[in-house]
Amino acid sequence: MKNFKMTPHKLMIGLFALVLGGISLFTAILPKKEKSENENRYLADFPSAINEKKLETAKNPADVWNSVKWKYINDRSGHAFKDDFETYLSDHIVRREDWVKASNRIQTLSGKKEINGVYTLDNQMIQTFKEYNADDVNNSINAMNAFAERFPDKQMFFMLAPTVQEFCSGKIPSYEGLLSEKTFIDDCYKKLRNISAIDCRSFLASNSDEYIYYRTDHHWTSLGAYYAYQSAAKLLEYTAYGYGSFNIETASSDFRGTLYSKTLDDSIPADNIDYYTLSKNEPKVKMTCINGSEVKEYDSLYVRDFLNEKDKYSSFTGSNVPIVEIETDVDTDKTLLIIKDSYAHSLVPFLSKHYSKITMVDMRYINTSLNDLINLDDYSQVLFMYNAVTFAEDGNITKLGLTK
């Protein structure tokens, strides 16, 4: 040690080794989370290099040896242990979300506008719509048309909602490659047979300077859903309530949604969750959420328990489940079946003022005929309700072909 001389170069190496060692140590010893609430996803489990079933039945050292997934461990060309371990380490590194935020912030400061499919412009996060498979979309529309043909006694409607991208595209450079949602929606509507198209886009466009989409989430706000509710009134044959007929409660002012989960960008202001109820004669409701054998009942369309969770949007009619049945005391014979994505969740509280029964069906969680789950004779109208991006990506609508 007599000849050891500290230099700035050696000091930097020592500090780097200390930081790297500290990160590795704390990553190894600290408890591991199962889920990232901010990113709204489950984190990777530690990859197992052992076939547990073979190990349990092992009778000698050779059987134990053969229970090891040697190919999984040694593969250097395909997917192997090293890849899953890297994913696990990335998911569980100490202070992971802070590292992700810092990385995304550096990219933003360097001028990058899009991170993980989310484009940020003027305090607005935007779910980008750049491509879709035309054959998949045509298959979905064909399935809807065939469904309408099988049930000619029912009025059928399609509301295809634009996302916020549609009203920000004029400010986004063309080289970003965003598609026109208006063109996509118009093309879809032209292919409908025996299904009436509801033009909610025009109503939203007329009010696009208002708070009709969340800043940090891909859904429309309650105000956006209200304008969609107005747009559907003529075709669905109800008289929409005016804006002044509602009491508006801001149930939460710290909502950070799905787009925030992809960016962890805290610079964008959090969103408000607003509940609309009629100031007079608000209908009484019974909502039943059915998820296989699990059945939950509520006396409101607003499930306030979700306001205490990351996924606050699920306070609108609850989280995604296969079937949601809503009964009201509205004095009418009008009944509605909605085949939908989650945009419908904040629309239904408005529609509930005009129907004695509404049932929402999420085709992502259904792999059987609708006749096995509901009585189609109970409904006078059917509404397909999706946003443009989800409809372009969702291949589950073709499951309608299971219903004869």
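Trainee: What makes up the area that the protein exposes?

Mentor: The protein exposes about 21,200 Å², and carbon and sulfur atoms supply 51% of it. Such accessible areas come from the Shrake-Rupley method with a 1.4 Å probe, and for residues only the protein chains shown count as cover. This is a predicted model, in which local features need pLDDT of at least 70 and side-chain atom pairs count only at pLDDT 80 or more, while totals for chains, interfaces and linings use all residues. Residues are numbered from 1 along each chain as its sequence is written, and side-chain values use heavy atoms, with hydrogens and water left out.

Trainee: Why is Cys 188 called buried?

Mentor: Buried means under 20% relative accessible area, exposed over 50%, and partly exposed in between (1.4 Å probe, protein chains only). Cys 188 has a relative accessibility of 2%, so it counts as buried. Cys 289 is buried because its relative accessible area is 7%.

Trainee: How many disulfides are there?

Mentor: A disulfide is a pair of cysteine sulfur atoms within 2.5 Å. By this rule the count comes to 0.

Trainee: What makes the buried residues of helix α8 line one face?

Mentor: Helices (H or I, at least four residues) and strands (E, at least two) are DSSP runs, numbered from the N terminus. In α8, residues 181-190, the buried residues are Glu 181, Phe 184, Ile 185, Cys 188 and Tyr 189. Viewed down the axis of α8, they fall within an arc of 130 degrees and therefore line one face of the helix. The arc is that of the directions from the helix axis to the C-beta atoms. An α-helix has 3.6 residues a turn, so residues three or four places apart point the same way.

Trainee: Which elements do the buried residues of α8 pack against?

Mentor: They pack against α7 (134-150), β6 (155-161), β7 (196-198) and α13 (388-393). Contact here means heavy atoms within 4.5 Å.

Trainee: Why is Thr 403 called buried?

Mentor: Thr 403, in the segment after α13, is buried because its relative accessibility is 0%. Leaving aside neighbours within four places in sequence, Thr 403 is in contact with residues including Phe 147, Phe 151 and Leu 376.

Trainee: How do you know that strands β4 and β5 pair?

Mentor: Two strands pair if DSSP finds at least two bridges between them. Strand β4 (residues 118-121) is joined to β5 by 4 bridges, and the two run antiparallel, so the pairing rule is met.
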